[in-house]
Amino acid sequence: MKKIIIALFSCICCVSLSAQTEEKPMKKDYVYKQKVLPEGIDNYLFSTYYYNGKKTYNLRNLTLSSSSGEVVSLKVNPSGTSFAVLSAKGEKTHVAVYDLWRAKKTLHEFEDVEGAGAICYSPDARRLAIATDKELLSYDARRYVPLDTMPMPFAAKMLVISKNNYFVAAASGNRLAVWNLEDKILRKELELDTGINGIAFSDDCTTFAVLSADGLLTTYDTQEFFIMQSMDAMGEALGMSFHPEGKYMAVVSGDKRVAVVNVLDPTDRTYMDNADGGTSDARFVRDGKKQIFLTYNTAGSIVYRLMSELAPYYTKLLADELNERMNTWLKQMPGETLEEYNLRVNDETRMEQMKLFEQEIATRMAENLLGRSEVTLGNYNPETGMLVVNFNTMPSIYLSVPQEEVNDFMNPGNLEFRNAKYGLTKNDKFELVYADVYNKVSGKTYVFDNRDRRSLDYLKEDTGFVPLELIQQQNMEEMKLQDIKEQVVDAAKRQNTISDHTNITVDAKIVSDVDASGKKIMNYRINFSYEVEEGFSAQEDFAPGKYKAEESGAASSMLSVVKTAFEGEFARYVKPGKKLAVKITGMADALPINGKIAYDGCYGDFENEPVYKNDDLGTITVTRETGVTQNEQLAFLRAVGVKENINANVSGVSTMSTDYRYYIELTEGRGGEFRRINVEFTFIDAF
């Protein structure tokens, strides 16, 4: 039968939910005028610093440092204490580190470094890397002592380290190389036909981007370093920066224009123009309220633009919530027998449950997208009986309609979409996966059901999945962990160390991960925490001004659970040389400290110790001389006390390759119930 196509049209304007390639109304810019041209910029959190000629400056036009040669590169220490400057005078190069908060205060000069071409800090502020014409030199970022060296195949002019410290990437001219930072194994090497103008890792370290002088932006996955996306029309491609969420990149396409590009959908672009010119760098920053701005330099200013118009990274938000809900669903429920659990949880039911959760989460995120959509009717194919229904906010759907009923669909306004369910496409757009379509003209309902569509990458591929036998093992071990906790808590109550007003919680889960070589691994994460009810903190937890773990009944009891577990049922994970990441979170309330609390130096003195404060990397100083004058110092000492207790009392932990990280959380509330400790152990590649 000859194909007959019946076209049904309704002309409307297409509107996208996110930024498009057409120009948008200008948002308000925050412009900081500068007396000299900012040639290149870097940031610590929201503050921008720049260089011009032989000097570096802050936003207040104050000179921070002066060099004998022209500044080539300025890198601010991610902890906010200092900044490194690479300068050149003829053939001679010089690297020095300066205090970020005291003008013209030199902290260190690298006298023995020759032929330096690029510098960078590791994102955890522990390492300063200097690329010379022969090798890559790494130094302790606080003490400036050498850590290691690595031969370089070319004289690097660009250098960057990934946030997870897995990779170091270097580029010069048209050459690029990426190595595993720990074992110095080459992961990727490229030689392009044109120059390389920028290299960067995304914050989640899953993507590596290369910006080339021919206006091409190429992204690679960091597991196999295969090309994910190639995006052209980037203009002069002068510089770039990843958005913290990884969905967008800022690209300096010319000295008067910055483009913000959706790396999942390259047609989605927003532009910022400045008549002054002089733009060479742009980067995303967060303010104290966690709002994201784009900052860039011009001939006479530093500009900040609030980027609230950018669409969230829905896929990542969905994946995070999905993982949390699946972790709960996969646990053996109270009172559930092993036989009942095995009937409820298997590979088939796990996939079905993930799809149900995905649709539920995506539908909530879509917020009745159909109600905000303009509907038009497209073509009809009588051979398949499919009618195209178009939306201006998401992909079209194909509705099964008998040919004799097509005339009932002349007016899209007569259609009602009921029981709508949504999903997300690969490029992070919402799509309809189910709806009951009611036609007011005929009174009939037509079902659109695409719930068995190809699922998201993290659902259809093996990456991210944990074998069920490991989940079952985790469930059994978590029950043992709960038993250990109950035994320790009962003993502590009998000794009047704590009472029913202290609640200690334990949790274990297996997390799929990828190591620096690209191999899939399974990490084992065990979390210990406690809470003390309001009014009982001074008796059972840290009394005001106290910081030693043994001075808190709650902290001591929690650490007893850790010791009993890791020296007993969980001892097989405590192996010499194996990697262990320990995140210790100390929490403090907002009650001000009057005067100074004495510190006896039992843990040593701390000068600019890297610590994450409300998830932002900063530093903290506590010495015998300074004592404790702020709550964050008290919270930090409590976290350090937990570390010292673990190293001294838990057998085997000190023999592991342990990476301790301190996190400080400051609450707005006041009271002892806010002074508590959380410890998270992650055994890397545990199985």
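Which residue in strand 21 is the bridge partner of Leu211? In this predicted model, the partner turns out to be Leu217. That pair belongs to a neat bit of strand pairing: strand 20 (residues 207-212) and strand 21 (residues 216-221) run antiparallel, with six bridges joining them.

Zooming out a little, strands 20 and 21 sit inside an open sheet of four strands, ordered 19-20-21-22 and paired in antiparallel fashion. Strand 19 (196-201) and strand 22 (227-231) are at the edges with a single partner strand each, so one side of each has no neighbour in the sheet. Going from one strand to the next, the twist averages 15°.

Next come the helices, starting with helix 3. Helix 3 covers residues 347-366, which makes 20 residues, and its first and last C-alpha atoms are 28 Å apart, close to the expected 28 Å. Right at its start, Asn346 lends a hand: one of its side-chain oxygens comes to within 3.0 Å of the backbone nitrogen of Glu348. At the other end, helix 3 is followed by Glu367, which has a positive phi, near 50°. In an α-helix there are 3.6 residues a turn, so residues three or four places apart point the same way. The buried residues of helix 3 include Arg350, Gln353, Met354, Phe357, Ile361 and Met365.

Finally, there is a meeting of two helices. Helix 5 (residues 468-494) and helix 7 (residues 553-566) have axes that come within 9 Å and cross at roughly 135°. With that angle, helix 5 counts as oblique to helix 7. As for handedness, the crossing of helix 5 and helix 7 is right-handed.

Notes. Residues numbered from 1 in each chain as written. Predicted model: local features only at pLDDT ≥ 70, side-chain atom pairs only at ≥ 80, totals over all residues. Heavy atoms only, no water. Expected span 1.5 Å × (residues − 1). Buried < 20%, exposed > 50% of the residue type's maximum accessible area, 1.4 Å probe, protein only. Polar contact = N/O pair within 3.5 Å; in protein donor to acceptor, adjacent residues only side chain to side chain. Pairing = 2+ DSSP bridges. Axes fitted to C-alpha atoms, helices over the stretch in contact; angles between N-to-C directions. Parallel < 35°, antiparallel > 145°, perpendicular 65-115°, else oblique. Left-handed = near helix turned anticlockwise from the far one by under 90°.
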